[in-house]
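Me: I've got a model open and I'd like to learn how to read it. Can you walk me through a few features?

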Amino acid sequence: MKGLAPLFLGIFGTLAFSWMGLTVIPNWQIGHLNPQSDEEGTDTYPMPQSGMVERGAHVYAANGCIYCHSQQVRADYSADDIERKWGDRRSAPRDYIFERPVFLGKMRMGQDLANIGARAPVEQESPQPAGAATPAASPAAGAAPSGASPGPGSPSPASSAAASPAAAPTSPAPNASPISKPSTSPSPAGSPAAPPSVPHPNEPPTSPSAPVAAGASPTPVPPWPEVTTGEPPMYSAAWHHVHLYSPRSINVDSDMPAYRFLYQTRRISDAPSADALHLTGADMPREGWEIVPTFDAKCLVAYLMSLNQSHPLKEVRSAAPAPASPATSPASSPAPAPAK
Amino acid sequence: MNATGIPLKEPAVSAVAGDTEQLERAYIDASTRVPVLMFYTSAIAWLILGTLLAGFVSFKLHEPDLLSNISFLTWGRVRPAHMNVMVYGWASMAGMGTAIWLMARLCRTVLRYPLLLLAGAVFWNLGVLLGVGGILLGDSTGYQWLEFPGYAAIILFVAYTLVASWAVLMFRFRRGEQIYITQWYLLGAFLWFPWLYAAGQLMLFVVPVQGVLQSAVGWWYANNLLFLWFGAIGLGTAYYMIPKVIGRPVYSYHLAAIGFWSYALFSSWTGMQRLVDGPFPAWMITASISATILTIIPVATVGLNHHMTMQGYFPLMRYSPTLRFTVFGAMSYTIFSLIGVLISLRSVARYVNFSQASIAYSHLGLYAFFTMVIFGSMYYIVPRLIGREWRYASLIKLHFWASAYGIGLMTLMLLAGGFLQGANMEDPSLVFSESTETVLPYLRGRSLAGILLTASHFIFAYHFGLMLLGLGRKSTVPTFLNPVEAEGEEAHL
């Protein structure tokens with residue numbers, strides 16, 4: 001090749017072409033979206049987040065959550081994300097217009113978090129006894145005499161079984177989080193982890209696609225994979241704190257590192273703090289001490305609780321009529337039990 | 001197909017001792033000594049640090065409680081630290097070192113303005129140091145491949161400007177009309193990088209684009225960094241080293257031109273395939289998938305060209321360390337690209353998009369291809385800078401085999417584990433944690449591969465240290481991997 005001019009022009013031109021094509025034109029196409037709202041101008045979605053949520057996003061970035069967790073739900077025709085109940089509909093560009101940075105993610109060593117906030121129990125503030133109605137109640141504790149294994153969302157025996165004293169012996173054990181694995185095959189992995197007091201090993205595991213005895217519920221049971229015997233309802237703020245502090249106390253199979261540096265162990269001055277973690281087993285602090293979240297941890301959890309793409313978008317077809325029947329919506333999955 | 005014009009073919013060393021061209025080359029080499037060695041030494045220091053971080057990342061992935069209570073050692077910080085040390089510390093600095101040396105040689109002029117390069121190296125090191133420190137202290141920006149906080153990015157950019165302006169200046173002093181293939185790639189790399197980096201920084205931090213477009217810009221940047229920066233330097237180096245070592249011109253100049261331009265055109269359009277099925281207009285992703293498939297054209301032409309050049313000379317890999325590393329890297333480029341095509345197809349991506357397979361892909365590109373080519377070039381260049389030959393053939397062999405087996409095992413583990421992980425993830429009858437549990441044994445295998453790679457890098461760093469201290473062999477014969485039996489072998493291996 002002779003002459004520099006064609007070389008320079010070519011080098012310049014090829015990248016200019018790609019830069020225009022893959023960044024400038026998309027920016028022109030979807031770079032200036034507005035939130036959608038209904039006719040009255042109310043019910044605006046999405047809304048800008050601020051304060052703790054914004055700071056929480058920075059904690060999320062700083063600690064590299066994105067390297068294991070995605071925040072995008074793929075369409076039902078291209079993947080099984082919706083069937084996994086990670087959302088009722090696929091994610092759309094409009095869902096992210098206020099996110100900065102945006103954490104779409106490229107790896108799922110952990111679950112998708114696009115709708116983690118939507119999965120929180122409705123009244124997550126009040127530590128009501130219905131905490132027992134969390135999915136914890138399902139196969140392990142809810143080893144119902146009938147042999148039926150109620151899924152987390154199924155209304156019937158879950159709450160009563162969990163509230164019954166039969167469930168009590170499971171909690172004191174250090175790793176008393178018998179992860180029931182609703183896999184199609186009776187999983188040998190689940191059994192050894194289960195404390196002997198749990199009478200469930202022979203029970204047919206729940207298959208999300210085939211709700212066994214919960215015939216009343218025509219919809220598939222949300223297959224929340226993690227089942228907790230901890231006190232806070234699953235995906236509530238308190239649950240997130242326990243999970244961040246000690247992931248394997250909630251799910252023995254978890255591969256998540258603990259984020260204990262986001263928590264503070266301190267002596268109880270006069271009364272225990274309201275936000276002290278409800279830990280069990282080996283994680284419990286010494287007598288007279290308590291473990292409380294730092295401000296960063298609170299922000300991170302506030303951020304996680306804010307992740308919610310359950311609001312319908314006009315441009316996206318929802319897989320399930322989400323707001324119509326709360327029982328099927330992930331947002332309220334733990335809720336039906338107390339409602340009953 | 002006239003390849004005679006290539007200024008590569010040099011007379012064998014044995015020909016005329018006091019050959020002027022020979023002297024001139026030695027003179028040029030000597031002028032590059034300080035800057036190139038500075039880049040190489042820094043790069044190798046970063047390589048060692050990055051390797052230690054990598055081992056840590058790999059082990060922590062299957063032992064999540066390992067030292068997790070210390071904020072700056074948490075997995076989510078060490079991982080980007082490792083990645084950035086390798087990308088900006090090791091690969092970029094080593095690549096620039098090789099590129100500087102090649103530029104001086106191919107422009108056939110002594111290195112001018114060395115202070116530009118020295119300042120560039122100092123600032124670049126400073127930028128990487130601040131950036132990695134920032135990540136570990138929790139200052140990461142959260143954009144993959146661009147995690148360095150703003151203060152580090154600015155310093156990197158200043159450092160880069162110094163190096164690139166040097167490259168352009170050197171071009172003005174070049175002698176001879178012909179611009180060799182390697183120079184196309186190097187000039188491309190030197191001009192593409194600042195645009196990529198500036199565009200990435202501007203569109204993400206200065207005037208940030210909205211929402212998901214940040215991810216599009218991020219992957220556009222990351223993919224182009226892989227292809228147009230590292231890929232271009234790697235291919236350019238291979239185009240120099242292979243013909244040089246075997247003493248034979250490149251098979252076809254025209255093929256090389258087709259390869260270069262199709263490479264620049266198609267590989268720059270890839271990137272969005274990593275966002276497959278994400279919240280984007282489908283045309284963006286489809287365009288990138290098509291471009292990825294079209295990269296088969298440059299892969300085929302470049303591969304064919306190298307193969308035909310090497311035809312009949314493959315046995316020389318038995319002796320020449322440079323050739324062995326470079327050919328390994330050039331072959332890996334083909335594998336890397338073909339796997340890239342495979343995992344970009346929608347039907348496959350559905351399964352592997354969120355799995356460890358994409359890590360395998362990055363490592364194939366950055367390590368099996370780029371790093372191996374750069375190792376090869378270092379084995380060629382360092383003796384010419386120092387005036388000593390590599391001390392131990394056995395260490396070079398160990399380095400090669402540990403690297404080759406290490407990266408091979410790692411790729412296999414991550415690909416196999418990634419495919420199984422993705423398949424389980426896409427099977428909603430299995431709980432999610434089944435998919436991560438499936439991949440754990442493969443991640444342990446990856447850690448094993450990491451141990452091999454760590455050993456290989458320490459061996460290389462030790463050997464390089466000996467060379468720096470002037471403890472190489474004093475000899476006019478290069479260090480061969482195996483004793484050369486036959487007389488009359490090409491002497492300038």
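Reply: Sure. Let's start in chain B, where B:Tyr113 sits in the loop between α3 and α4 (114-136). Keep in mind that this is a predicted model.

Me: What is the phi of B:Tyr113 near?

Reply: Most residues other than glycine have a negative phi. For B:Tyr113, phi is near 50°, so you have a positive value in a residue that isn't glycine.

Me: Is B:Tyr113 buried or partly exposed?

Reply: Count the C-beta neighbours: 20 or more inside 10 Å would make a residue buried, and 12 or fewer exposed. B:Tyr113 has 15, so B:Tyr113 counts as partly exposed.

Me: Where in chain A can I find a positive phi in a residue other than glycine?

Reply: Go to A:Tyr235, with phi near 65°. A:Tyr235 is in the loop between α4 (190-193) and α5 (237-245) of chain A. A:Tyr235 has 28 other C-beta atoms within 10 Å, so this tyrosine is buried.

Me: Which peptide bonds should I check for cis geometry in chain A?

Reply: As a rule, most peptide bonds are trans. Here, the bond from A:Tyr45 to A:Pro46 is cis, with omega near -10°, and A:Pro46 falls in the loop between α1 (4-30) and α2 (52-62) of chain A. Another cis bond links A:Arg100 to A:Pro101, with omega about -5°; A:Pro101 belongs to the loop between α2 and α3 (158-163) of chain A.

Me: At what angle do α3(B) and α6(B) cross?

Reply: Their axes come within 10 Å and cross at roughly 130°, which means α3(B) is oblique to α6(B). The crossing is left-handed. On the α3(B) side, B:Ala99, B:Leu102, B:Met103 and B:Leu106 meet B:Thr182, B:Gln183, B:Leu186 and B:Ala189 of α6(B). The residues of that contact are six nonpolar, two polar and no charged.

Me: Which residues touch the most other members of the largest nonpolar core?

Reply: In soluble globular proteins, nonpolar side chains tend to be buried together. This core has 219 residues, and those touching the most other members are B:Met103, B:Tyr185, B:Ala189, B:Trp192, B:Ala216 and B:Trp229. The most residues come from α7(B), which gives 23. Leaving out residues up to four places away in sequence, B:Ala189 touches B:Ala99, B:Leu228, B:Trp229, B:Ala232 and B:Ile233.

Me: How many residues does each chain put into the contact between A and B?

Reply: Chain B puts in 73 residues and chain A 70 residues. On the chain B side, the largest share, eight residues, is from α6(B). That side divides into 39 nonpolar, 22 polar and twelve charged residues.

Methods
Residues numbered from 1 in each chain as written. Chains lettered and ligands numbered in written order. Predicted model: local features only at pLDDT ≥ 70, side-chain atom pairs only at ≥ 80, totals over all residues. Contact = placed C-beta atoms within 7 Å. Helix = DSSP H or I, 4+ residues; strand = E, 2+ residues; numbered from the N terminus. Nonpolar A, V, L, I, M, F, W, Y, C, P; charged D, E, K, R; others polar. Core = buried A, V, L, I, M, F, W, Y, C linked by C-beta atoms within 7 Å. Axes fitted to C-alpha atoms, helices over the stretch in contact; angles between N-to-C directions. Parallel < 35°, antiparallel > 145°, perpendicular 65-115°, else oblique. Left-handed = near helix turned anticlockwise from the far one by under 90°.
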